[in-house]
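Here are some short exercises to work through with the model open beside you. Try each task before you read its solution.

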Protein chains: 2
Amino acid sequence: MARDMPVRWALEEVGQAYSIRSVGFDELDTPAYRAVQPFGQIPVLEIEGIVIFESGAIVLHIADRYSGLLPVDAAARARSIGWVIAALSTIEPPIVEREAAGYAERDQDWFDARQSIMSNRIARRLAQLSARLGDRPWLDQTFSAGDLMVVTVLRRLSDDSDLDPFPNLRDYVARGEARPAFRRAFAAQRALFEARRQPPAAGS
Amino acid sequence: MARDMPVRWALEEVGQAYSIRSVGFDELDTPAYRAVQPFGQIPVLEIEGIVIFESGAIVLHIADRYSGLLPVDAAARARSIGWVIAALSTIEPPIVEREAAGYAERDQDWFDARQSIMSNRIARRLAQLSARLGDRPWLDQTFSAGDLMVVTVLRRLSDDSDLDPFPNLRDYVARGEARPAFRRAFAAQRALFEARRQPPAAGS
């Protein structure tokens, strides 16, 4: 669920090759990395001499620079950018908040009660999103950066029951994950993960 | 603290006149409004026949369409957009989360303990932001959309003590609020608020 996934996916959608430099947790705190990413987060994209942080900004930059992720029509383009922001600013925060509490507050008396408050808040946003999507394949006429970012956020829920009341949202996520560009991005991310957790070869 | 403020401010910075249509709480839930804004939130901008929701997307659209809010240099422009996203996606969520708990969880046993957890999370982000800003007036060479959005988010804290350990952030907020465009936006928002809370004239 690392945030390199939407960046990989966006680059695959627009057909741009990329290379990865992994950053260790200890490096995130160094002055050199903070000079690039003030909050010590990943990912950072370096592209044509430009350095960009925040996955949402990176996706918007790729979508602006190459064709394939933003409609040409000005109104549809504005709506798509609106969905990128809605994904990050309206849909994602309660999801991340519940996740964070899942790590930090698991031993507290209030844990179950608060998880349930957060789940209700998530459900409210999902109901609104589900109503908007209806039975269309994408949020607008064609797949765009907005769908890429909304699907990315919904994938954080895919192992949970939150999506059960909203079959159209489950289908929407599956539709995103079935895109060839997504599959290439996923395979590449998985390969890196597998390579890094490989035990050292015998004798090394 | 309504989210029309960054939109008003952005329009003032680029010198574009605008008119306001207020939306009542009861209207937010109607199918007609949901067709425009799926989450029933404000604000929405209608501009040159284009309808845009999410304050971050609106600010980005204004900044893209008119000059004055985004640097011409491609790298600086990308950084500014990165700060708009960072404001919404990294700095704001714990601030909004603590606020929301302030309304919804005030009577719970866990209220104080959780507020303190959230305050620590906010302080961590502020420390990172403060380190980045240093003693410069703005996050980059010149004021940009990124500063507009970061200052907007920090203003949610201005009545609290969170900013006390970070005098450079307090100065930064004050610098934003001192801009003529901000002052015009603030005065206009205040005037609307005062007009609406005015008691009906005697005899009416």
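Accessible areas here come from the Shrake-Rupley method with a 1.4 Å probe. Keep in mind that this is a predicted model.

**Exercise 1. Get a feel for chain A as a whole.**

Task: Work out what elements chain A has, and whether its radius of gyration agrees or disagrees with that of a compact globule.

Step 1. Start with the surface: chain A has about 10,000 Å² of accessible surface, and carbon and sulfur atoms account for 52% of that.

Step 2. Now list the elements. There are nine helices and two strands in chain A, and from the N terminus they come in the order α-α-α-β-β-α-α-α-α-α-α.

Step 3. Check the dimensions. The C-alpha trace of chain A spans about 55 × 50 × 35 Å along its principal axes. A compact globule of 204 residues would have a radius of gyration near 17 Å, and chain A has 18 Å, so the two agree.

Step 4. Look inside. In chain A, 50% of the 204 residues count as buried. Take the contacts between residues at least 6 apart in sequence: 62% of them join residues at least 24 apart.

Step 5. Finish with charge. Chain A carries 25 positive and 28 negative side chains, with the centres of the two sets 3 Å apart.

**Exercise 2. Sort three salt bridges.**

Task: For D4(A)–R8(A), E13(A)–R179(A) and R114(A)–E97(B), say where the partners sit.

Step 1. In the salt bridge between D4(A) and R8(A), the closest N and O atoms are 2.8 Å apart. These partners share helix α1 of chain A and are four residues apart, about one turn of the helix. Both are buried.

Step 2. E13(A) pairs with R179(A), with 2.7 Å between the closest N and O atoms. This one links distant parts of the chain: E13(A) is in helix α1, while R179(A) is in the loop between α8 and α9, 166 residues away. Buried means under 20% relative accessible area, so E13(A), at 17%, is buried, whereas R179(A), at 22%, counts as partly exposed.

Step 3. R114(A) and E97(B) have their closest N and O atoms 2.8 Å apart. Here the pair crosses between chains, going from helix α6 of chain A to helix α5 of chain B. Salt bridges with shared partners join E97(A), E105(A), R114(A), R121(A), E97(B), E105(B), R114(B) and R121(B) into one network. R114(A) and E97(B) are both buried.

**Exercise 3. Describe the surroundings of R98(B).**

Task: Is R98(B) buried or exposed, and which residues does R98(B) touch?

Step 1. Find R98(B) in helix α5 of chain B. Its relative accessibility is 11%, so R98(B) counts as buried.

Step 2. Leave out residues up to four places away in sequence, and R98(B) touches Q115(B), M118(B), S119(B), I122(B), L157(B), D160(B) and D162(B).

**Exercise 4. Hunt for backbone features.**

Task: Where do you find P43(A), and where E54(A)?

Step 1. P43(A) is in the loop between α3 and β1 of chain A. The peptide bond leading from I42(A) to P43(A) is cis, with omega near 0 degrees.

Step 2. Turn to chain B: the bond from I42(B) to P43(B) is cis, with omega near -5 degrees.

Step 3. E54(A) is in the loop between β2 and α4 of chain A. Phi of E54(A) is near 75 degrees, a positive value in a residue other than glycine. At 5% relative accessibility, E54(A) counts as buried.

Methods. Residues are numbered from 1 along each chain as its sequence is written. Chains are lettered from A and ligands numbered from 1 in the order in which they are written. This is a predicted model: local features need pLDDT of at least 70, side-chain atom pairs count only at pLDDT 80 or more; totals for chains, interfaces and linings use all residues. Side-chain values use heavy atoms; hydrogens and water are left out. A salt bridge is a side-chain nitrogen of Lys or Arg within 4 Å of a carboxyl oxygen of Asp or Glu. Buried means under 20% relative accessible area, exposed over 50%, partly exposed in between (1.4 Å probe, protein chains only). The radius of gyration is taken over C-alpha atoms; the globule rule is 2.2 Å times the number of residues to the power 0.38. Contact means heavy atoms within 4.5 Å. Lys and Arg count as positive and Asp and Glu as negative; His and the chain ends are not counted. The place of a charge is taken as NZ of Lys, CZ of Arg, CG of Asp or CD of Glu.
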